[in-house]
Amino acid sequence: AMDFTQSHLWQQRADAVILGGVNSPSRSFKSVGGGTPVVMARAQGSRFVDVDGNTYIDYLAAYGPLVLGHAHPRVMEALRAATYDGILYGTPTTWEVEFAETLRAAIPDLERVRFVNSGTEAVMTTIRVARGATGRNKILKFAGCYHGHSDAVLVAAGSGPSSIGVPDSAGVTRAIAGEVITVPYNDLEAYDEALAVHGEDLAAVLVEPIVGNFGIVPPERPDYLAEVIARAHRVGALVIFDEVITAFRFHYGTAAQLYGVHADLYALGKIIGGGLPIGAYGGRRDVMESVAPLGPVYQAGTMAGNPASMRTGLACLEVLRDPAVYRHMDRLGAALEQGILASAQRHGVAITINRVGGAFTVFFGSHRVRDYAGAQATDGRRFAALFHALLRRGVFIAPSKYEAWFVSAQHTDADIEETLAAVDASFAEMAATS
Ligand code: PMP
């Protein structure tokens, strides 16, 4: 059995100084029935090791950035090189230019780009830009999508046909939530109804093109995103794709490119930093030109475009340039999907898996999950049981039924085999105790 003594001790110290013992609420084990969050010490490749010396195959990928796994040699080399030249200048650098050129070459829709420090900042700014550029106030978002923790997006679906949102966090005012319209994803009828009521006041429609935040949920209809965009444009609203999770996740570029569509603005983050803090936003030149110093929309940042993030990001994208990386993750993702489904069937556990490439979510339920309501209807207690059973067997997945498993470029066939054995033992245990 695994020993978690050191994790417990560190977590006790953490509780006394860090609010809630964690620096992001998703790291607590609250949504998997409690338990002490495991304190990690080091990582390499597909695995990390905790302070008690336990090793785990990592499918958390730090909630997405680690598409190359831990300590990828090319990224580490870039990071070390960055430290030889100082850390921060507060002036333009060559690295940010090269990085912007690289992003633009991969994503031609990024006619102009700006770097920030997190996905939250990226999305927050695209909303301000859309409001500034259109002179309108309202934003339409999709229930269950997560867009960071700025006020405008900590808004949940309200009840009633007008789709006006309500605060999803204390401290977010009703006035702010009232400017956010929320409709179900994958539902063009509800979308049309909201556009009919609010269209003239809409600055932007904000969407995760392939949802990653109530589990992996892709568009059901191949033309869904094209329709979302066309109908938004018909009422004069801009379209913002939040690709913080999806950009460079499934191929060398955006989810928009996979569906052959063009948003007006994009928010990026996670993978593009190679593991260092980063965010970026950009898009249509005419819209971006409303941002300072050219235009009246203000946005700034002391750490924006910091050389270390630029250099690790560049290194990461260089590795991802090779399509074999994505073929590898897709193949391992498919093997996991098939193996987990077979194992669940063997033990009479009802699950459904949504997968895109190397990212997938195991939902406890036999219904198809196409929207937030569908994800909410899955069994959180069974998910918690799987989470803890896997943890004890050295497989680390995110402690939430709404998250994805992320396969990285450094996962191996042996990792998949070991994982599937752990999954099978976990399902056997769950079947025996339920
Ligand atoms: N948008 C999406 C789609 C995300 O998944 C996240 C983070 N999970 C964010 C925005 C916020 O990014 P960050 O945590 O870097 O602020």
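## Overall fold

Half of the chain is interior by neighbour count: of the 434 residues in this predicted model, 50% count as buried. The protein chain contains 14 helices and 16 strands, and its radius of gyration of 21 Å is close to the 22 Å that the globule rule gives for 434 residues, so the chain is as compact as a globular protein of that length. Taken along the principal axes, the C-alpha atoms fill a box of roughly 60 × 55 × 45 Å.

Contacts that span long stretches of sequence are well represented, since among contacts between residues at least 6 apart in sequence, 72% join residues at least 24 apart.

## Two domains and their contact

The protein chain is divided into domain 1, which is made of residues 5-71 together with 323-433, and domain 2, which covers 73-320. The centres of the two domains, taken over C-alpha atoms, are separated by 26 Å, and the contact between them takes 24 residues from domain 1 and 29 residues from domain 2.

On the side of domain 1 that touches domain 2, helix 11, strand 13, strand 14 and helix 12 (372-376) each supply at least two residues, with strand 14 giving the most, namely four residues. By residue class, this side of domain 1 divides into 17 nonpolar, four polar and three charged residues.

## Helix 11

Helix 11 runs over residues 323-346, and its 24 residues reach 35 Å from the first C-alpha to the last, close to the 34 Å expected at 1.5 Å a residue. Its buried residues are V325, M329, L332, G333, L336, I340, S343 and A344. An α-helix has 3.6 residues a turn, so residues three or four places apart point the same way. Several of the buried positions follow one another at such intervals, among them V325, M329, L332, L336 and I340.

The buried residues of helix 11 pack against helix 10 (307-320), strand 13 (352-356), strand 14 (359-363) and helix 14 (413-433). Just after helix 11, G348 takes a positive phi of about 70 degrees.

## K270 and its surroundings

In an unreviewed entry, UniProt lists K270 under "modified residue: N6-(pyridoxal phosphate)lysine". K270 is placed in the loop between strand 11 (265-269) and strand 12 (279-283). Although this is a loop position, K270 counts as buried because 26 C-beta neighbours lie inside 10 Å, where 20 or more are required.

Leaving aside neighbours within four places in sequence, K270 is in contact with G64, P65, G119, V244 and I245. Of these partners, G64 and P65 fall within the 5-71 segment of domain 1, whereas G119, V244 and I245 fall within domain 2, as does K270.

## Backbone geometry

Most residues other than glycine have a negative phi, and most peptide bonds are trans. Against that background, phi of K270 is near 45 degrees, a positive value in a residue other than glycine, and phi of A61 is near 50 degrees, likewise positive in a residue that is not glycine. A61 lies in the loop between strand 3 (55-58) and helix 2 (73-83), and with 27 C-beta neighbours inside 10 Å it counts as buried.

The peptide bond from A292 to P293 is cis, with omega near 10 degrees. P293 is located in the loop between helix 9 (285-288) and helix 10.

Conventions. Residues are numbered from 1 along each chain as its sequence is written. This is a predicted model: local features need pLDDT of at least 70, side-chain atom pairs count only at pLDDT 80 or more; totals for chains, interfaces and linings use all residues. The expected span of a helix is 1.5 Å times one less than its number of residues. A residue is buried if 20 or more other C-beta atoms lie within 10 Å of its own, exposed if 12 or fewer, and partly exposed in between; C-beta atoms are placed from the backbone. Two residues are in contact if their C-beta atoms, placed from the backbone, lie within 7 Å. Domain bounds come from an automatic or database domain assignment. Ala, Val, Leu, Ile, Met, Phe, Trp, Tyr, Cys and Pro count as nonpolar, Asp, Glu, Lys and Arg as charged, and the others, Gly among them, as polar. UniProt positions are given in the numbering used here, feature names are shortened, and annotations may be inferred rather than shown by experiment. The radius of gyration is taken over C-alpha atoms; the globule rule is 2.2 Å times the number of residues to the power 0.38.
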